[in-house]
Amino acid sequence: MKKIYLLFVCTPSIVSRAIKRYTNDSYTHVAISVDPDMKEFYSFARRYSYSPLPAGFVMESLDNNFYRRNPKSQCKILSIDVTEEQYAAVKRKLKFMYENRYEYKYNLVGLLLYSQNINFQRKNHRFCSEFVSEVLKENNILNSPKNPQQMRPIEL
């Protein structure tokens, strides 16, 4: 058995506070890792620590500038036992996407339509929980009838 890790975060940033106000959820962001040291997490988020846009596929670390500037961030890490095959498949997907990270953009339109209960999928565009749930579902780690475009971090 191997483990993958999910990082759940709620920061005091304007964007996170707005999402929290709308959803009333404890955590407003999620990232995924196959790193046993939990130093590298992958998700769709801000590309630069000082600005919410532009956003896209990024590698995050709890040691990065954004989290250092927001020490009051709430974080929770969940580990999930997976098979060797699932682990390898998730690792390959993360590696491929990171190598091609500039082709991936944040699905801002999809996030806005989520509030209207409208699924909106765009090629190479995701928001954090859409991405993580998609990776988990396509590798039979998450069994949920919900579309990835309708998943909130807290539902993972």
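Good morning. Let me begin with a definition: in what follows, a helix axis is a line fitted to C-alpha atoms over the stretch in contact, and an angle runs from 0 to 180 degrees between N-to-C directions. The structure shown above is a predicted model, and I shall start with a pair of its helices.

Helix α3, residues 84-99, packs on helix α5, residues 128-138, at an angle of about 140°, and their axes are 10 Å apart. Angles over 145 degrees would count as roughly antiparallel; α3 and α5 are therefore oblique to each other. Their crossing is right-handed. On the α3 side, the contact is formed by V90, K93, L94 and M97, and on the α5 side by F131, E134, V135 and E138. By character, five of these contact residues are nonpolar, three are charged and none is polar. As background, an α-helix has 3.6 residues a turn, so residues three or four places apart point the same way.

How covered is α5 itself? Nine of the 11 residues of α5 are buried, so that the helix is mostly covered. The buried residues of α5 are C128, S129, E130, F131, V132, S133, E134, V135 and L136. Two of the charged residues of this helix, E130 and E134, are thus included in the buried set, and E134 also takes part in the contact with α3.

I turn now to the interior. In general, nonpolar side chains in soluble globular proteins tend to be buried together. The largest nonpolar core of this model has 29 residues, and the members that touch the most others are L6, I32, F131 and L156. Which elements each supply at least two residues of this core? They are the strands β1 (2-10), β2 (29-33), β3 (41-48), β4 (51-60) and β5 (74-82), together with the helices α3 and α5. The greatest contribution comes from α5, with five residues.

L6 may serve as an example of how this core is joined. Leaving aside neighbours within four places in sequence, L6 is in contact with V30, A31, I32, F41, K76, I77, L78, I80, V132, L136 and L156. Apart from the largest core lies another one, of seven residues, including Y5, L7, F41 and Y67.

Next, the backbone. Most residues other than glycine have a negative phi, and most peptide bonds are trans. Against that background, a few places deserve attention. The peptide bond from L53 to P54 is cis, with omega near 5°, and P54 belongs to strand β4. M38, in the loop between β2 and β3, has a positive phi near 55°. M38 is partly exposed, at 29% relative accessibility. N117 likewise has a positive phi, near 60°, and is placed in the loop between α4 (108-114) and β7 (125-126). At 60% relative accessibility, N117 counts as exposed. Finally in this group, N140 follows α5 and has a positive phi, near 55°.

I close with three individual residues. Is Y114, in helix α4, buried or exposed? Y114 is buried, because its relative accessibility of 14% falls under the 20% limit. Setting aside neighbours within four places in sequence, Y114 is in contact with Q149, Q150 and R152. Y114 and Q150 are 36 residues apart in sequence, yet their C-alpha atoms are 6.1 Å apart.

K146 is located in the segment after α5. With a relative accessible area of 29%, K146 is partly exposed. Not counting residues up to four places away in sequence, K146 touches K137, M151 and E155. Its C-alpha atom is separated by 14 Å from that of V135, which is 11 residues away along the chain.

The last of the three is N64, found in the loop between β4 and α2 (65-69). N64 is partly exposed, at 24% relative accessibility. From C-alpha to C-alpha, N64 and Y42 are 13 Å apart in space, with their positions 22 residues apart in sequence.

To conclude, α5 joins the main topics of this talk: this helix packs on α3, is mostly covered, and gives the most residues to the largest nonpolar core. Thank you.

Methods: Residues are numbered from 1 along each chain as its sequence is written. This is a predicted model: local features need pLDDT of at least 70, side-chain atom pairs count only at pLDDT 80 or more; totals for chains, interfaces and linings use all residues. Side-chain values use heavy atoms; hydrogens and water are left out. Helices (H or I, at least four residues) and strands (E, at least two) are DSSP runs, numbered from the N terminus. Angles under 35 degrees count as roughly parallel, over 145 as roughly antiparallel, 65 to 115 as roughly perpendicular and the rest as oblique. A crossing is left-handed if the near helix is turned anticlockwise from the far one by less than a right angle, and right-handed if clockwise. Contact means heavy atoms within 4.5 Å. A nonpolar core is a set of buried Ala, Val, Leu, Ile, Met, Phe, Trp, Tyr and Cys residues joined through side-chain atoms within 4.5 Å. Buried means under 20% relative accessible area, exposed over 50%, partly exposed in between (1.4 Å probe, protein chains only).
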